[in-house]
Amino acid sequence: MVISGLIGLIVGKMNFSGEHFKPLDNKGRLSLPREFREQLADAGNQLVLTKNINGGLTAFPTAEWIEFVKRLEEIPAGKQRNAINRLYLAPKTDIQLDKQGRIPLSRAQRIWLGLTDDDREVVLVGNFFRIDLFNIERYREVVSADVALIKDNEELINRIDLP
């Protein structure tokens with residue numbers, strides 16, 4: 001098991017990391033990286049998949065999804081809570097990894113990701129306790145925005161000595 005997985009087990013949480021580029025197969029299934037599958041084996045190979053605000057999808061292990069929903073429930077009723085419910089709760093899908101470690105992506109999920117018949121490459125990004133999925137173009141845009149955000153915070157760069 002990789003170091004990040006060991007660290008996650010020590011602190012009792014999963015710890016997904018890395019960038020992985022994977023193509024969808026002809027049936028719309030996506031193979032998860034070995035490192036992710038190893039961590040998910042202890043959680044029954046189950047994920048909850050939903051949209052995210054960056055134009056991608058996010059996969060949560062079931063226990064992390066439950067914690068996420070608890071935080072959403074604390075938001076006062078109103079327009080923001082309704083918007084959050086439509087973005088995260090309405091498109092929520094329970095996913096079971098198949099024996100080959102693949103997850104199916106529905107047509108709606110593929111459309112949200114911006115995937116086409118010609119462009120079926122997905123970037124899976126470990127994000128601590130969840131996995132984010134993007135098409136390559138959108139992922140480049142998100143990372144560019146991330147770099148700009150970090151560059152604007154000199155205190156953060158110096159505090160953790162970012163290269």
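A residue is called buried when its relative accessible area is under 20%, exposed when that area is over 50%, and partly exposed in between. With this scale in hand, one can read the structure shown above, which is a predicted model, from its overall form down to single charged side chains.

**Overall form**

The protein chain is built with seven helices and eight strands. Computed along its principal axes, a word used here for the directions of the calculation, the C-alpha trace spans about 45 × 45 × 35 Å. For a chain of 163 residues, a compact globule would be expected to have a radius of gyration near 15 Å, and the 17 Å found for the protein chain agrees with this. Of the 163 residues, 33% count as buried.

**Salt bridges**

The structure holds nine salt bridges, and three of these pairs are set out below with the distance between their nitrogen and oxygen atoms.

| Acidic residue | Basic residue | N to O distance |
|---|---|---|
| Asp25 | Arg29 | 2.7 Å |
| Asp98 | Arg102 | 2.8 Å |
| Asp132 | Arg130 | 3.6 Å |

The pairs in the upper two rows do not stand apart, since Asp25, Arg29, Asp98 and Arg102 are linked in a network of salt bridges. Within this network, Arg29 has a relative accessible area of 22%, which lies between the two cut-offs, and Arg29 is therefore partly exposed. Asp98, with a relative accessible area of 26%, is partly exposed as well.

How exposed are the two partners in the remaining pair of the table, Asp132 and Arg130? Asp132 has a relative accessible area of 9% and is therefore buried, whereas Arg130, at 26% relative accessibility, counts as partly exposed. The salt bridge between their side chains thus joins a buried residue to a partly exposed one.

**A patch of negative charge**

Elsewhere in the model, Asp117, Asp118, Asp119 and Glu137 gather in a patch of negative charge on the surface. One member of this patch, Asp117, is placed in the loop between helix 5, which covers residues 107–113, and strand 7, which covers residues 121–127. The relative accessible area of Asp117 is 71%, and because an area over 50% counts as exposed, Asp117 is an exposed residue.

Note on methods. Residues are numbered from 1 along each chain as its sequence is written. This is a predicted model: local features need pLDDT of at least 70, side-chain atom pairs count only at pLDDT 80 or more; totals for chains, interfaces and linings use all residues. Side-chain values use heavy atoms; hydrogens and water are left out. Patches are made of residues with over 30% relative accessible area and no salt bridge: like charges are joined within 9 Å, nonpolar side chains (Val, Leu, Ile, Met, Phe, Trp, Tyr) within 5 Å. Accessible areas come from the Shrake-Rupley method with a 1.4 Å probe; for residues, only the protein chains shown count as cover. A salt bridge is a side-chain nitrogen of Lys or Arg within 4 Å of a carboxyl oxygen of Asp or Glu. Lys and Arg count as positive and Asp and Glu as negative; His and the chain ends are not counted. The place of a charge is taken as NZ of Lys, CZ of Arg, CG of Asp or CD of Glu. Helices (H or I, at least four residues) and strands (E, at least two) are DSSP runs, numbered from the N terminus. Buried means under 20% relative accessible area, exposed over 50%, partly exposed in between (1.4 Å probe, protein chains only). The radius of gyration is taken over C-alpha atoms; the globule rule is 2.2 Å times the number of residues to the power 0.38.
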